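Me: I'd like to learn how to read buried and exposed features in a protein model. Could you take me through this one?

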Amino acid sequence: MQVSIDHAVATPPYEQLRAQIAEQARTGVLAAGLRLPTVRALAEQLGLAANTVARAYRELEADGVVETHGRRGTLVAATGDTAHRLAADAATEYAARAHRLGVTRDEAQAAVYGALDLVYGASSSGSS
């Protein structure tokens, strides 16, 4: 696993670490089932506090990118399936809430497209 922390940027170290591990898992650089270094070992390697690495690992676990298995350690999850399932669950929850609020289908879709444009950038509408 290759990760680096740039202390000169505004992005907090835990977020830099989380984003790099998530991207490597998503692209297959980190294979599903791969055991990640312990919190303490990675913190030492990167010159970070153990709590910083622990926070990144917690957020990765909450996002379904990694799974923690006690003595077996933290393993890369099958993120493709997990990420798509979590996204589908979030979309279903949104659709149900919009319906309960009395928002029309077109209004609900417009809200989603607006939010996607904010997060992904307006130029990536309709692309994967």
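Me: Let's start at the surface: which helix holds Y120?
Reply: Happy to help, and keep in mind that this is a predicted model. Y120 sits in helix 5, which covers residues 105-120.

Me: Is Y120 buried or exposed?
Reply: The cut-off for exposed is over 50% relative accessible area. Y120 has 61% relative accessibility, so it counts as exposed.

Me: Which residues form a nonpolar patch on the surface with Y120?
Reply: Its partners in the patch are Y113, L116, L118 and V119. Together, the patch residues including Y120 have about 640 Å² of accessible area.

Me: Now the inside. How should I think about a core, and which residues have the most contacts inside the largest nonpolar one?
Reply: The general idea is that in soluble globular proteins, nonpolar side chains tend to be buried together. Here the largest nonpolar core has 20 residues, and L17 and I21 have the most contacts inside it. Helix 1 (13-26), helix 2 (39-46) and helix 3 (50-62) are the elements that give two or more residues to this core. Helix 1 gives the most, with 5 residues.

Me: What does L17 contact beyond its neighbours within four places in sequence?
Reply: With those neighbours set aside, L17 is in contact with V3, I5, L42, L46, V53 and A56.

Me: And Q16: is it buried or exposed?
Reply: Buried means under 20% relative accessible area. Q16, in helix 1, has 9%, so it is buried.

Me: Where does the side chain of Q16 reach?
Reply: It reaches the backbone oxygen of T11 at 2.8 Å. Leaving aside neighbours within four places in sequence, Q16 is in contact with S4, I5, D6, V9 and T11.

Terms used:
Residues are numbered from 1 along each chain as its sequence is written. This is a predicted model: local features need pLDDT of at least 70, side-chain atom pairs count only at pLDDT 80 or more; totals for chains, interfaces and linings use all residues. Side-chain values use heavy atoms; hydrogens and water are left out. A nonpolar core is a set of buried Ala, Val, Leu, Ile, Met, Phe, Trp, Tyr and Cys residues joined through side-chain atoms within 4.5 Å. Buried means under 20% relative accessible area, exposed over 50%, partly exposed in between (1.4 Å probe, protein chains only). Helices (H or I, at least four residues) and strands (E, at least two) are DSSP runs, numbered from the N terminus. Contact means heavy atoms within 4.5 Å. A polar contact is a pair of N or O atoms within 3.5 Å; within protein, one must be able to donate a hydrogen and the other to accept it, and residues adjacent in sequence count only if both atoms are side-chain atoms. Patches are made of residues with over 30% relative accessible area and no salt bridge: like charges are joined within 9 Å, nonpolar side chains (Val, Leu, Ile, Met, Phe, Trp, Tyr) within 5 Å. Accessible areas come from the Shrake-Rupley method with a 1.4 Å probe; for residues, only the protein chains shown count as cover. A salt bridge is a side-chain nitrogen of Lys or Arg within 4 Å of a carboxyl oxygen of Asp or Glu.
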